[in-house]
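Hi everyone, thanks for letting me take the slot today. Let me put the sequence and the structure up so we can walk through them together.

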Amino acid sequence: MGHPVPMIEIWRGDLVESLHLGHAVVCDHTGDIVEAWGQADKIIFPRSSCKMLQALPLIESGAADAYGLGPEHLALACASHQGAVIHTERVSAWLKDLQMRDEDFRCGSEFPRDKPAANDLVRGAHSVCQMHNNCSGKHSGFLTLGKHIGAGPEYVEVDHPTQIMVREAFEDMTQMTSPGYGIDGCSAPNFATSLHGLARAVAAMAKPDLSTLRGRAAARLVDAMRAHPELVAGEGRACTELMRACGGKAAVKTGAEAVFIAILPEMGLGIAVKIADGGTRAAEAAIAGLLVRHGALEADHPTAKKWMHGPITNRRDLVTGQMKFASGFL
């Protein structure tokens, strides 16, 4: 069994102050490994990096078309958003179209990460609610699917028809039986897989078989993410900034505990990264570096430099350090 390998160094002055170890796998659209670091068969929880896999049944079931969902809805179904107005207004309208309310969610309330939205709450302009939850778009998709198939309201239960459909799609795309599940931050089941399985799944979304219902659903989700990067995350976030910088060459998605995936349609590649210590900054640097390595992002693009290297600054905006790729990684 492989061990995590050094990937991202944090430098201050002339010393390496911190070192992040991790795993990464790059697959082609057939599922074969193109290159890998660390342990390709490492079992992980993909967390929010697999939201596009969880959204496949929303389209395949006919629910998306039955309720008139467009690319913005599908981007939100794949999102871990900031709770900004552009996110909550769309989620609110989606709920209204379903004739549902915030109380129908099972994701829990969350203080928004978007500063203007947070300031409005502090001033008492609004009350925090479940629509602010970064996963409310995914849960809107779950509610839509559940209503379409006539299932009950407790859609986050692992034996609910919605989650059974999600697991089937997840296992089909990863090409392996999930060894188990954990409960995600939004209360939905998160099915475990190997890093290779996750990379294999997103590679299949990079070059889907459009003769199949699943392939067409995958293409719609990837296209929605690339068309609306601001809905997938938000201003200042790595997902949004990297997708914009790639100019449509990639769809990328982060997950909690330093998981990150990239879907590269032009290259027919899928990438999955997991940093062993859960350090998000390292996952962001690694995925940016891999986007550059595989031709989706220019190395001298300001966004590439920002997420790969920093710089690291202090409260006076003095440059105090930078990130570097460890020897042997990229």
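Before anything else, a quick bit of vocabulary: when I sort residues by class, Ala, Val, Leu, Ile, Met, Phe, Trp, Tyr, Cys and Pro are nonpolar, Asp, Glu, Lys and Arg are charged, and the others, Gly among them, are polar. Also keep in mind that what you see is a predicted model.

Okay, pockets. The largest pocket holds about 320 Å³ of space. It has 19 lining residues, and Ser48, Arg113, Asn134, Gly255 and Ala256 are the ones closest to its centre. Which elements give two or more residues to that lining? They are helix H12 (238–246), strand E8 (251–255) and helix H13 (280–293). Using the classes I just gave you, the lining splits into six nonpolar, eight polar and five charged residues.

Now the second largest pocket, with about 180 Å³ of space. Its lining includes Gly83, Ala84 and Val85, as well as His126 and His132. Helix H5 (85–97) and helix H6 (115–122) each put in at least two residues, and H6 has the largest share, with three. By class, we get six nonpolar, five polar and one charged here.

Next up, the cavities. Rolling a probe the size of a water molecule over the atoms shows where empty space is left. How many cavities of 30 Å³ or more turn up in the whole structure? The search finds two.

The largest cavity has about 50 Å³ of space. Lys51, Gln54, Ala55, Leu58, Ala77, Lys138, Gly141, Phe142 and Leu145 form its lining. Helix H1 (51–54) and helix H7 (136–149) are the elements that give two or more of these residues, and H7 gives the most, with four. The class count for this lining is five nonpolar, two polar and two charged.

The second largest cavity comes in at about 30 Å³, and Tyr67, Leu69, His73, Trp94 and Asp97 line it. Three of its lining residues are nonpolar, one is polar and one is charged.

Hang on to Phe142 from the lining of the largest cavity, since aromatic rings are my next topic. There are five aromatic pairs in total. Take tryptophan 37 and phenylalanine 329: their ring centres are 5.1 Å apart and their planes sit at 80°, so this pair is edge-to-face. Tryptophan 37 belongs to strand E3 (residues 33–37), while phenylalanine 329 is in the segment after strand E12 (319–325), so the pair ties together parts that are 292 residues apart in sequence. Tryptophan 37 and phenylalanine 329 are both buried.

Back to phenylalanine 142, then. Its ring pairs with that of tyrosine 155, with centres 6.0 Å apart and planes at 55°, so we call that one tilted. Here phenylalanine 142 is in helix H7 and tyrosine 155 is in the loop between H7 and helix H8 (161–174), 13 residues apart. Why do we call phenylalanine 142 buried? Because its relative accessible area is 3%, and the cut-off for buried is under 20%. Tyrosine 155 counts as buried too, at 1% relative accessibility. One more thing on rings: Trp37, Phe325 and Phe329 are linked by ring pairs into a cluster.

Let's return to H12, which we met at the largest pocket. Eight of its nine residues are buried, so H12 is largely enclosed by the rest of the structure. Among those buried residues are Cys239, Glu241 and Met243. And what do the buried residues of H12 pack against? The list is helix H10 (213–227), helix H11 (229–232), E8, strand E9 (259–264), H13 and helix H14 (302–309). Right after H12 comes glycine 247, which has a positive phi, near 60°.

Last stop: aspartate 184. You'll find it in the loop between strand E5 (181–183) and strand E6 (189–191). Is aspartate 184 buried or exposed? Its relative accessibility is 10%, so aspartate 184 counts as buried. Its side chain makes a polar contact with the side chain of arginine 47, at 2.7 Å. Setting aside neighbours within four places in sequence, aspartate 184 is in contact with Arg47, Ser48, Lys138 and Asn190. Two of those names have come up already: Ser48 at the largest pocket, and Lys138 in the lining of the largest cavity.

That's my tour, thanks for listening!

Terms used. Residues are numbered from 1 along each chain as its sequence is written. This is a predicted model: local features need pLDDT of at least 70, side-chain atom pairs count only at pLDDT 80 or more; totals for chains, interfaces and linings use all residues. Side-chain values use heavy atoms; hydrogens and water are left out. Buried means under 20% relative accessible area, exposed over 50%, partly exposed in between (1.4 Å probe, protein chains only). A polar contact is a pair of N or O atoms within 3.5 Å; within protein, one must be able to donate a hydrogen and the other to accept it, and residues adjacent in sequence count only if both atoms are side-chain atoms. Contact means heavy atoms within 4.5 Å. On a 1 Å grid over the protein atoms alone, a cavity is a set of points where a 1.4 Å probe fits but cannot get out, and a pocket is an open set with protein on both sides within 12 Å along at least five of seven lines; lining residues have an atom within 4 Å of a point. Grid points are joined across faces, edges and corners, and a volume is the space filled by probe spheres set on the points. Rings of Phe, Tyr and Trp (its six-membered ring) pair if their centres lie within 6.5 Å; planes under 30 degrees apart count as stacked, over 60 as edge-to-face and the rest as tilted.
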